[in-house]
Amino acid sequence: MALETPNHTQTVAGWAAYDSSGKIAPYIFKRRENGVNDVTIQVMYCGVCHTDLHHVKDDWGITMYPVVPGHEITGVITKVGSDVKNFKLGDRVGVGCLAASCLECEFCKNSQENYCDQIQFTYNGIFWDGTITYGGYSDMLVADHRYVVHVPDNLPMDAAAPLLCAGITVFSPMKDCQLLESPGKKVGIVGLGGLGHVAVKMAKAFGHQVTVISTSPSKENEAKQRLGADYFLVSTDAKQMQGGKRSLDVILDTVSAKHSLGPILELLKVNGTLVVVGAPDRPIELPSFPLIFGKRAVKGSMTGGMKETQEMMDVCGKHNITCDVELIKPDKINEALDRLARNDVRYRFVIDIAGTSKL
Ligand code: NAP
Ligand code: ZN
């Protein structure tokens, strides 16, 4: 891996964490020239995902410092490579978690690049040219057009930015569990954060009855009144959890910290499915009894493929689904990360990179 190659000629202003203290500071670096398959994007907004926090603090032990986080990016195209046909100058676009994949394996050929064995991410990845990828906490991005999507005209660029990770990460398992085409299911969402709050909005838009399972009683009113949830269970209240036993068809677990799946599995009907998308640094507990007594299944899901990501953006455009965001200037990133770590955000911080508030 290398920091740059000779064709890294474009100077970019960004924000990076230099070590596991987790503090973000300005960082000037170089990006590659716009290649034939690339588009250059002036970054307007970038969401602050909990995955950014995991990387900044090296929770998962894989961070290559300095790390420029950010994979919930919206912006405007300023350059288009000669082989790119589906984007033009001025297009409103989004970039999520993916920067490169092999393009040849069964998953790449089947629009499931997210499961390619050679997947490389928008930041803390190694691009095809051997350089480390830097994310959206920066004013300009060069992206291969195969990992870029269009943002529907009716969606504001700031509130749409978190759809690029939070949105697709919950949309993909919902689609996988047939929640798009079969309304009337009972769906549980564990953890009402960035991922969780979009999941509630999507599940409601797709016609399901939604139960939020949360550690924060203070979120109940908002969950029901603003986000449209039907029921709210406080996961630390054994009586409430007991009352919800065997009531749900599908549950999405978005929790960012170690916890037990046992009490959550008890909420599933017989044959129900629990999809884990949260990625705590330590193993979650998976007791066998609630699994075997209810013939329940637990599976995982990692972001989504590019075709599915465009579909998700279009579905959000159709249903007018955006994220509830707190807009911040780049000099407040550290404060935002601290608040995110304390579970104090409603429901996603978005960095106003370009300093404009309307596009
Ligand atoms: P977030 O905004 O911080 O939300 C996580 C929520 O989990 C919190 O709002 C909180 O909800 C709950 N929670 C936090 N600590 C908890 C604890 N100790 N016990 C139980 N619940 C707790 O984070 P996010 O951005 O939504 O990301 C969530 C997780 O998904 C992270 O681990 C992230 O890395 C991962 N992720 C995975 C993918 C993927 O492709 N699979 C993609 C993006 C993110 P309540 O207050 O309601 O309890
Ligand atoms: Zn993310």
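The legends below describe close-up views of a ligand site, a pocket and two cavities in a predicted model.

**Figure 1. Residues around ligand 1 in the predicted model.** Ligand 1 is surrounded by 29 residues, and the closest of them are Ser-214, Thr-215, Ser-216, Lys-219 and Arg-348. The protein covers 88% of the 920 Å² of accessible area that ligand 1 has on its own. Two elements, helix 1 (50-56) and helix 5 (194-205), give two or more residues to the shell. Helix 1 makes the greatest contribution of any element, with three residues. Sorted by class, the shell holds eleven nonpolar, 16 polar and two charged residues.

**Figure 2. Polar atoms close to oxygen atoms of ligand 1.** For Ser-214, a polar side-chain atom is found 2.6 Å from an oxygen atom of ligand 1. Thr-215 likewise places a polar side-chain atom 2.6 Å from an oxygen atom of the ligand. At Thr-303 the backbone is involved: one of its polar backbone atoms is 2.8 Å from an oxygen atom of ligand 1.

**Figure 3. Position of ligand 1 relative to the two domains.** Domain 1 comprises residues 8-165 and 304-356, and domain 2 comprises residues 166-300. Because both domains give residues to the shell around ligand 1, the ligand lies between them.

**Figure 4. The second largest pocket, also between the domains.** This pocket holds about 310 Å³ of space. Its lining consists of 17 residues, with Gln-112, Ser-172, Lys-175, Asp-176 and Glu-308 the closest to the centre. Helix 4 (166-176), strand 15 (297-300) and helix 10 (306-319) are the elements that give two or more residues to this lining. Helix 4 gives the most, namely four residues. The lining has three nonpolar, eight polar and six charged residues. Domain 1 and domain 2 both contribute to the lining, so the second largest pocket lies between them.

**Figure 5. The largest cavity and its lining.** The model has two cavities of 30 Å³ or more. The largest cavity has a volume of about 230 Å³. It is lined by 20 residues; Arg-31, Arg-32, Thr-133, Tyr-134 and Val-142 lie nearest its centre. Strand 2 (24-31), strand 6 (98-100) and strand 8 (140-144) are the elements that give two or more residues to this lining. Strand 8 supplies the most, with four residues. By class, the lining of the largest cavity comprises twelve nonpolar, four polar and four charged residues.

**Figure 6. The second largest cavity and its lining.** About 60 Å³ of space lies in this cavity. Of its 13 lining residues, those closest to the centre are Gly-96, Cys-97, Leu-164, Met-306 and Thr-309. Strand 5 (92-95) and helix 10 each provide at least two residues of the lining. Eight residues of the lining are nonpolar and five are polar, while no charged residue takes part. Helix 10 has already appeared in Figure 4, where it gives two or more residues to the lining of the second largest pocket.

Conventions:
Residues are numbered from 1 along each chain as its sequence is written. Chains are lettered from A and ligands numbered from 1 in the order in which they are written. This is a predicted model: local features need pLDDT of at least 70, side-chain atom pairs count only at pLDDT 80 or more; totals for chains, interfaces and linings use all residues. Side-chain values use heavy atoms; hydrogens and water are left out. On a 1 Å grid over the protein atoms alone, a cavity is a set of points where a 1.4 Å probe fits but cannot get out, and a pocket is an open set with protein on both sides within 12 Å along at least five of seven lines; lining residues have an atom within 4 Å of a point. Grid points are joined across faces, edges and corners, and a volume is the space filled by probe spheres set on the points. Ala, Val, Leu, Ile, Met, Phe, Trp, Tyr, Cys and Pro count as nonpolar, Asp, Glu, Lys and Arg as charged, and the others, Gly among them, as polar. Domain bounds come from an automatic or database domain assignment. A residue is near a molecule or strand if one of its heavy atoms lies within 4 Å of it. A polar contact is a pair of N or O atoms within 3.5 Å; within protein, one must be able to donate a hydrogen and the other to accept it, and residues adjacent in sequence count only if both atoms are side-chain atoms. Accessible areas come from the Shrake-Rupley method with a 1.4 Å probe; for residues, only the protein chains shown count as cover.
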